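Biologist: I'd love a close look at one part of this protein, told as a connected story. Could you walk me through it at the level of individual residues?

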Amino acid sequence: MDMVHTGGCRCGAVRFETRGVLREVVACHCSQCRRQTGLHYAATNVSDDRLDVEGADNVTLYRASDGAGRGFCRVCGSALFWKADGRDDISIMAGSFDQPSGLTIGVHIFCADKADFYEISDDAPQFAGSTS
Ligand SMILES: [Zn+2]
Ligand SMILES: [Zn+2]
């Protein structure tokens, strides 16, 4: 049987379930993620066919940049998803998973744009921009 993880937004209007192993968490410290979350993004990723969303009507997509949308709960504002156009996978905010999530941080990206009021204190590799 596939591994199942569940999660959702703060208010419960959006709930989701994933099947299979979750990718390591990518923490993105870019200015878009900083402003959207107040800190930084931290997201795992699954292929579309391994995600089921309940209450998808309550997800609003905001386009911070060309080529990707940021999905959040229109009721409570929780950041939930990041979806690149034309790709068959989707990033899911690590903090939205029910605990224990079993997730671990894999990499920090766009560290050059990190806010000045916190330090990255784990041992995961850090990149000034994207990893590629
Ligand atoms: Zn909500
Ligand atoms: Zn970012």
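In what order do the seven strands of the open sheet stand, and what is the pairing?

Modeller: Happy to! Please keep in mind that this is a predicted model, in which local features need pLDDT of at least 70 and side-chain atom pairs count only at pLDDT 80 or more, while totals for chains, interfaces and linings use all residues. Residues are numbered from 1 along each chain as its sequence is written, and chains are lettered from A and ligands numbered from 1 in the order in which they are written.

The seven strands of the open sheet follow the order β6-β7-β8-β9-β4-β3-β10, and their pairing is mixed. Strands here are DSSP runs of E with at least two residues, helices are runs of H or I with at least four, and both are numbered from the N terminus. Two strands count as paired if DSSP finds at least two bridges between them. At the edges of the sheet stand β6 (59–65) and β10 (105–109), each pairing on one side only. On average, neighbouring strands of this sheet are turned by 30° against each other, direction ignored; the axes are lines fitted to C-alpha atoms, for helices over the stretch in contact, and angles run from 0 to 180 degrees between N-to-C directions.

Let's start at the β10 edge. There, β3 and β10 run parallel and are joined over four bridges, with V26 and V107 in β10 as bridge partners. Just past this strand, F110 lies in the segment after β10. F110 has a positive phi of about 55° although it is not a glycine. Most residues other than glycine have a negative phi, and most peptide bonds are trans. F110 also counts as buried, because it has 22 C-beta neighbours inside 10 Å; the cut-offs are 20 or more other C-beta atoms within 10 Å for buried, 12 or fewer for exposed, and anything in between for partly exposed, with C-beta atoms placed from the backbone. In the loop between β9 and β10 you will find P100, and the peptide bond leading to P100 from Q99 is cis, with omega near 0°.

Further along the sheet come two hairpins. β7 and β8 pair in the antiparallel sense over five bridges, and F72 stands opposite A79 in β8. Five residues separate these two strands in their hairpin, where G77 in the turn takes a positive phi of about 85°. β8 is then joined to β9 by two bridges, again antiparallel, and F81 faces I92 in β9 across that pairing. The β8–β9 hairpin has four residues between its strands, and G86 there has a positive phi near 75°.

These strands also supply much of the interior. The largest nonpolar core, meaning buried Ala, Val, Leu, Ile, Met, Phe, Trp, Tyr and Cys residues joined through C-beta atoms within 7 Å, has 25 residues, and C28, A42, A43, L80 and M93 have the most contacts inside it. The elements giving two or more residues to this core are β3 (25–28), β4 (41–47), β7 (68–73), β8 (79–84) and β9 (89–93). M93 is a good residue to zoom in on: leaving aside residues up to four places away in sequence, M93 touches A42, A43, A79 and L80, where a contact requires C-beta atoms, placed from the backbone, within 7 Å. In soluble globular proteins, nonpolar side chains tend to be buried together.

For context, there is also an open sheet of three strands, ordered β1-β2-β5 with antiparallel pairing. In that sheet β1 (4–8) and β5 (51–54) each have a single partner strand, so one side of each is left without a neighbour in the sheet. β2 (residues 15–19) pairs with β5 over four bridges, and E17 stands opposite D52 in β5.

Stepping back, the protein has one helix and 10 strands. Buried residues make up 30% of its 132 residues. The C-alpha trace spans about 35 × 30 × 30 Å along its principal axes. Finally, the UniProt record (an unreviewed entry) places the feature "domain: CENP-V/GFA" at residues 5–119; its positions are given in the numbering used here, feature names are shortened, and annotations may be inferred rather than shown by experiment. Over residues 5–119 the chain is 6% helix and 46% strand.

Technical notes
Two residues are in contact if their C-beta atoms, placed from the backbone, lie within 7 Å.
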